[in-house]
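I opened a fresh page for this one and kept my notes short. Have the structure open beside you while you read along.

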Amino acid sequence: MRASIKRAGRRPLFLIGLVITLLLVGVAVLSLVWTPFPPAKMNIIHKLKPPLSFGLLGTDHFGRDVASLLMAGAWNSLSTSFLAVALGASIGTLAGVVTAMRRGWLELVVMRGCDIIFAVPPILSAMMLAAFIGGGRFTAIIAIGVFMVPVFARLTLSAALQVWTRDYVTAAIGIGQSKLRITWNHVLPNISSQIIVQVTIQLGLAILTEAGLSFLGLGLAPPAPSWGRMLAEAQTFLGQAPWLALLPGLAIALAVLGLNMLGDGLRDILDPRDQG
Amino acid sequence: MISILIRRTLSLIVTLLIVSLLIFTVMDLLPGDPAAIMLGTSASPDTLAALQHSLGLDRPLPIRYLAWLAGVAQGDLGQSYTYGVPVAGLIAERLTVTLPLALMAVVLSVAVAVPLGVQAARRHNGPFDALAGLFSYVSIAVPAFWVGLLLIIAFSTMLGWLPAGGFPGWDAGLWQGLKALLLPAVALALPQAGVLTRVARAAVLDVMNEDFVRTALAKGLSEEAAVWRHAVPNALIPVVTMLGLQFTFLIAGAVLVENVFNLPGLGRLAFQALSQRDVIVMQDVVLFFSALVIVMNFLVDLAYLAIDPRLRAGAR
C-alpha cells in the first residue's frame, strides 16, 4: 500500500488525471449549492453575449449563463454516467464471479450473452428504448449501463478464473471452504483493483456516450442542463456564437481526458507487473 | 481447423438469430399502432382493422417473427410505413452514404495512426513519443460529433471552403460527393486514430524486442529496414484487429456525425424512423448494424485463429 502511494507520486499521468477528476467532481457538487446564476434563468435581453461581456462565459440563445449551465451540466453528466457504470459494473461483476465459480454451461451462456449485448451499440439501444419510454435520464442510464455489463463480465470472469487456479484457493478448497466463501474472501479482493481501473475508464466512455445521447435529444430532458444538449442547441448559432459550441465540448473532452489518465495511472500503480 | 470453423459459424448463426429475436420482440412491444399512425386519427375502426390485417399486424408474435425472418432471409425487409417503399431499397440507398463515410474514416485513421505509431515506437520515450501519446489521449477524449461542429465552424462558416452539411448525391459528381463527406470523415476518424496510434506503437515496440529482429539487427540489417520489413507488417495485425473491435464505436459515431452534418445515411435513417415511429425501418436498421458488428467480431476471431496456431489448439 505504501509502495503504491509512493509510486503514485512519481506518475505525472495519474496526478494530472486525479487533479482534473477532482476538479470536475468539485464543480459538479458545488453546482448543487451554488452557481453564478440559476442555470435555468432566462434573460432574453442579454442573449448570445460572448464570454466576459456578460457573466464569465457569456450567455446562450435564451440569455442563460453559460458558466452556470456548464456547472449544472457537470453534475448531470457525471451522475448519469456514474449510475450507468455502477449498474453495468455490479451486474457484470456478479455475472463474472458467479460464472467463474460455476463454469460449465453457464460460462457458455454468459459469454454468448455478452457477444449479443455487445453487438448493439448503446446509441441504438437507447433509440429503441427511447421509442418505448421516451428519452431521459433513465433511458440513458439503462442503455449505457446494459452495454457495460459485457465489459465487466468478461473482465471479471477471466480475472476470477486466474484466481481460482492459485495455490491459496486450492488450499481453501482443501480445508473445506464453500465456493461462495472463497469468492468473497479470495476472488473479489484479488480482482478489485482491476475492477476499479475499469470503472474509471468506462466512466470516461459513459460521459462520451451520454453526451452523444443528449445531443440527439435522447438524454436528460430539458430544462435540466446537459453538455450534449448544449452542443445540439449551439448548432443553430455556429456563425453568430461559436463559443457556445466550443465550451461544452471542451468540458466533455476534459472530463474524459481526466478519467482516462486517472484510469491508466491507476493501472500502472496497482499492477506493477505491467509497466511499459 | 475445419471443425472449429463449423462450430464458430454455427455459433455465429445462433447469435444472429437471438439478436434478431430480441430486436423484433423489443420493437414489437412499442406502444403505438403503426396502422393507426399511417391512417391518422380520423380513420374508422373498420379501415384500421383492414389495414392491420393487410400489414399482418393481427397475427400472433411468433408467426410475425417467423414471417419477418423468412423475408429477411430472402432480402425482403418489409415495407416502410412512412416512406411507402421497401426497406431493403431504403437501406441500400442510405448505405451509399454511410459506407463511403465509414471507409474514408477508416482509411484516414489508419493513414494517420500507423506512421505516427511507428515513429513514436522508434523514438520510444523521446519528445516525439510524448507528443504522439498526447495526441492519442486527446483524440480519444473528444466526442466525434463535437469535432464535427468545430470543423464546420472552421472550414464552413469561417473559411467557406467546404459545405457545412447535406449531401448532393453521387449524381452530382464524385468530387462533390467526396467534398461533402470529407469533414464528417475527419470527425469520425479522429477518435479512431487515437486508439490505433496506441495499438500501432505498442505492436512495433513488441516486435522490435523480438529475438528474430534482434538477430536481424545483429546480422547487420539497418534499423530502418528492420522497422519496415518486420515491425510494420506485424504491427498491422493488431491494428486491423482493433479496427474490427472498434466497429461498434464507428457505427455509433456515424449515427451522431450524420446527424451533425445532415447526411442522408443509415444513422440518420434510424433516427428519423424513431421520431416517425417507423417500427420496421428501426428494426431493420438496428438489425443490420448489429449483424455487421457480430460478423466483424467473427471475422476478427477467424483472423486470430488463422494467424496464431496456438489459439487453434485451445479453441472451442
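**Notebook: two helical chains**

I began with chain B: of its contacts between residues at least 6 apart in sequence, 70% join residues at least 24 apart. I count two residues as in contact if their C-beta atoms, placed from the backbone, lie within 7 Å.

*Ground rules.* I am reading a predicted model, in which local features need pLDDT of at least 70, side-chain atom pairs count only at pLDDT 80 or more, and totals for chains, interfaces and linings use all residues. Residues are numbered from 1 along each chain as its sequence is written, while chains are lettered from A and ligands numbered from 1 in the order in which they are written.

*Chain B overall.* I found 14 helices and zero strands in chain B; both are DSSP runs numbered from the N terminus (helices H or I, at least four residues; strands E, at least two). Along the principal axes, the C-alpha atoms of chain B fill a box of roughly 85 × 60 × 30 Å. I noted that 35% of the 316 residues in chain B are buried. My cut-offs: buried means 20 or more other C-beta atoms within 10 Å of the residue's own, exposed means 12 or fewer, and partly exposed is in between, with C-beta atoms placed from the backbone.

*Chain A overall.* Here I listed ten helices and zero strands. The C-alpha trace of chain A spans about 75 × 50 × 30 Å along its principal axes, and 49% of its 276 residues count as buried. I checked confidence too: chain A averages a pLDDT of 86, and 95% of the residues score at least 70. pLDDT is the predictor's confidence in each residue, from 0 to 100. Among the elements of chain A, helix H1 (residues 2-9) has the lowest mean pLDDT (68), and helix H3 (residues 66-102) has the highest (92). A reminder to myself: where pLDDT is low, the predicted coordinates should not be read in detail.

*Helix H8 of chain B.* How far does H8(B) span between its end C-alpha atoms? Helix H8 (residues 174-208) of chain B spans only 42 Å, against 51 Å for a straight helix of 35 residues at 1.5 Å a residue. The expected span is 1.5 Å times one less than the number of residues. I then looked for a bend and found one of about 35° at Leu182(B), with a proline, Pro184(B), following within four residues. The bend is the angle between axes fitted to the seven residues ending there and the seven starting there. H8(B) is largely enclosed by the rest of the structure, because 25 of its 35 residues are buried.

*Where the chains meet.* I noted 33 residues of chain A in contact with 34 residues of chain B. On the chain A side, helices H4 (105-119), H5 (122-133), H8 (179-215) and H10 (243-270) each supply at least two residues. That side has 26 nonpolar, five polar and two charged residues. For the classes, Ala, Val, Leu, Ile, Met, Phe, Trp, Tyr, Cys and Pro count as nonpolar, Asp, Glu, Lys and Arg as charged, and the others, Gly among them, as polar.

*The core.* The largest nonpolar core has 166 residues, and those with the most contacts inside it include Met127(A), Ile252(A) and Ala270(B). H8(B) gives the largest share of this core, 18 residues. Such a core is a set of buried Ala, Val, Leu, Ile, Met, Phe, Trp, Tyr and Cys residues joined through C-beta atoms within 7 Å. Which residues does Met127(A) contact, leaving aside its neighbours within four places in sequence? I found Leu218(A), Ala270(B), Phe271(B) and Leu274(B).

*Helix H12 of chain B.* Ala270(B), Phe271(B) and Leu274(B) are among the buried residues of H12(B). Eight of the ten residues of helix H12 (residues 266-275) of chain B are buried, so this helix is largely enclosed by the rest of the structure. Just after H12(B), Arg277(B) takes a positive phi of about 55°.

*Two more positive phi values.* Asn262(B), not a glycine, has a positive phi of about 55° and lies in the loop between helix H11 (247-260) and H12 of chain B. Asn262(B) is partly exposed, with 15 other C-beta atoms within 10 Å. In chain A, I noted Arg103(A), with phi near 55°, in the loop between H3 and H4. Arg103(A) is exposed, with 12 other C-beta atoms within 10 Å.

*Last look-up.* Val295(B) lies in helix H13 (residues 279-307) of chain B. Val295(B) and Leu12(B) are 283 residues apart in sequence and 7.6 Å apart in space, C-alpha to C-alpha.
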